[in-house]
Amino acid sequence: MSIRKSDAAFHLRSQSPFATHFVMSQKRIRICRTDGLPQPTYYVQALQTEFAPWAFCEKRSVLNKGQWATQVFADSSSAPIDLEIGTGNGIHFAHYAEQNPKRNLIGIEWKFKPLIQSIRRALNHGAKNARIVRYDAGFPDHLFAAGELDRVMIHFPDPWPKEKQKKHRLINDAFLTTLFKLQKKGAELEFKTDNRDYFDWAMECFERSAYQQTSITYDLHNSDYQSENFVTHFEKIFLKQGLPIHRATFQVPG
Ligand SMILES: C[S@@+](CC[C@H](N)C(=O)[O-])C[C@H]1O[C@@H](n2cnc3c(N)ncnc32)[C@H](O)[C@@H]1O
């Protein structure tokens, strides 16, 4: 399989594994290279060996753009491909894959430990339909072609609460414009957070986007949507702290 020129267009700023940023145009991917890390942990090694059939490092993951169904999920190539962004330790990721055997699931996670925890948990649950990629979720178009994705789930992304940090928030106008094109017509998107300021910010971004809102609640666990909800790892932590969970769902019209 050859690397398309557009996918290969980003390059390492320097050959040192500590000079950690890929550069593409003006946007910066905030992940280090997996290859050549001087002291690879168990999780780094596991990504490259034991879990390599199901887990893709940043270099391998972009090779599947537009070909996830045919190359990766060849045995279930007509099944929809769903995406979970920021899987954390994979409690939801594994549950979702197990509960939806007729769908395929890809997780994006940039940290080695939660990435391996997620795929290991899914495999332990007997899921054959789950894969995980190590990538910066801010660049989904490096990984997927237009219309390649069905449902997208974004659960408790880092809130970057300080004014100066808000530029790091995953959800922004450009991100939604990009993600919208990657989802099929009629596909859904779910967003949950405990952070009210981020929620309000995100709702404004969604309002400016082409997504159509299908539901919204500022207190998921005291709402009609509670019964269909699966509590993620971070959600459990926030619930213990007595924080209300905000959730909204959207659809790609069509
Ligand atoms: C607050 S945790 C939430 C984990 C999980 N969704 C849950 O609800 O329990 C956010 C996760 O997203 C990952 N993450 C944050 N920014 C990311 C990015 N730009 N690309 C990929 N993963 C990212 C973090 O490493 C972390 O595991």
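Trainee: In which sense do strand 10 (residues 212-217) and strand 11 pair?

Mentor: In this predicted model, strand 10 and strand 11 are joined over five bridges. One residue pair that illustrates the register is Thr217, whose bridge partner in strand 11 is Arg247. The sense of the pairing between strand 10 and strand 11 is antiparallel.

Trainee: Over how many bridges do strand 9 (residues 188-193) and strand 11 (residues 246-251) pair?

Mentor: Within this pair, Phe191 stands opposite Ala248 in strand 11. Strand 9 and strand 11 run in the antiparallel sense, and the number of bridges between them is six.

Trainee: Which strands are the edge strands of the open sheet?

Mentor: The sheet is formed by eight strands in the order 4-7-6-5-8-9-11-10, with mixed pairing. An edge strand here pairs on one side only, and this holds for strand 4 (55-56) and strand 10.

Trainee: What angle does the direction of helix 5 make with that of strand 7?

Mentor: Helix 5 packs on the sheet, where it touches strand 4, strand 6 and strand 7. Taking the direction of helix 5 against the direction of strand 7, the angle is about 175°.

Trainee: Which residue of strand 9 stands opposite Met153?

Mentor: Strand 8 and strand 9 pair in the parallel sense, and four bridges connect them. Within that ladder, the residue of strand 9 that stands opposite Met153 is Glu190.

Trainee: Which residue is the bridge partner of Ile106 in strand 7?

Mentor: Strand 7 pairs in the parallel sense with strand 4 over two bridges, and Ala55 stands opposite Ile132 there. Strand 7 also runs parallel to strand 6, to which four bridges join it. In that second pairing, the bridge partner of Ile106 is Arg131.

Trainee: Which residues of strand 7 are buried on the side other than that of Ala130 and Ile132?

Mentor: Both faces of strand 7 are covered, and Ala130 and Ile132 are buried on one side. The residues buried on the other side are Arg131 and Val133.

Trainee: Which residues of the largest nonpolar core touch the most other members?

Mentor: This core holds 52 residues, and its largest share, five residues, comes from helix 5 (residues 112-124). As background, nonpolar side chains in soluble globular proteins tend to be buried together. The core residues that touch the most other members are Ala97 and Val152.

Trainee: With which residues is Val152 in contact, leaving aside its neighbours within four places in sequence?

Mentor: Val152 is one of the two residues that touch the most other members of the largest nonpolar core. Leaving aside the neighbours within four places in sequence, the contacts of Val152 are Leu83, Ile85, Leu179, Gln183 and Leu189.

Trainee: Against which elements do the buried residues of helix 4 pack?

Mentor: In helix 4 (residues 91-99), the buried residues are His92, Phe93, Ala94, Tyr96 and Ala97. The elements against which they pack are strand 5 (81-85), strand 6 (104-108), helix 5, strand 7 (130-133) and strand 8 (152-155).

Trainee: Is Phe156 buried or exposed?

Mentor: Phe156 lies in the loop between strand 8 and helix 6 (173-182), and its phi is near 55°, a positive value in a residue other than glycine. Because 21 other C-beta atoms lie within 10 Å of its own, and 20 or more is the threshold, Phe156 is buried.

Trainee: How many other C-beta atoms lie within 10 Å in the case of Trp160?

Mentor: Trp160 is also found in the loop between strand 8 and helix 6, with a positive phi near 40° in a residue other than glycine. Trp160 is partly exposed, and the count of other C-beta atoms within 10 Å is 17.

Trainee: Which residues does Thr178 touch, not counting residues up to four places away in sequence?

Mentor: Thr178 is found in helix 6 and is partly exposed, with 15 other C-beta atoms within 10 Å. The C-alpha atoms of Thr178 and Phe139, which are 39 residues apart along the chain, are separated by 8.4 Å. The residues that Thr178 touches are Pro140 and Asp141.

Trainee: Which helix gives the largest share of the shell around the ligand?

Mentor: The ligand is surrounded by 20 residues, the closest being Gly86, Gly88, Ala137, Thr232 and Phe234. By class, this shell has eight nonpolar, seven polar and five charged residues. The largest share, three residues, comes from helix 8 (residues 233-240).

Conventions: Residues numbered from 1 in each chain as written. Predicted model: local features only at pLDDT ≥ 70, side-chain atom pairs only at ≥ 80, totals over all residues. Near = placed C-beta within 6 Å. Nonpolar A, V, L, I, M, F, W, Y, C, P; charged D, E, K, R; others polar. Core = buried A, V, L, I, M, F, W, Y, C linked by C-beta atoms within 7 Å. Buried ≥ 20, exposed ≤ 12 C-beta atoms within 10 Å, placed from the backbone. Contact = placed C-beta atoms within 7 Å. Pairing = 2+ DSSP bridges. Axes fitted to C-alpha atoms, helices over the stretch in contact; angles between N-to-C directions.
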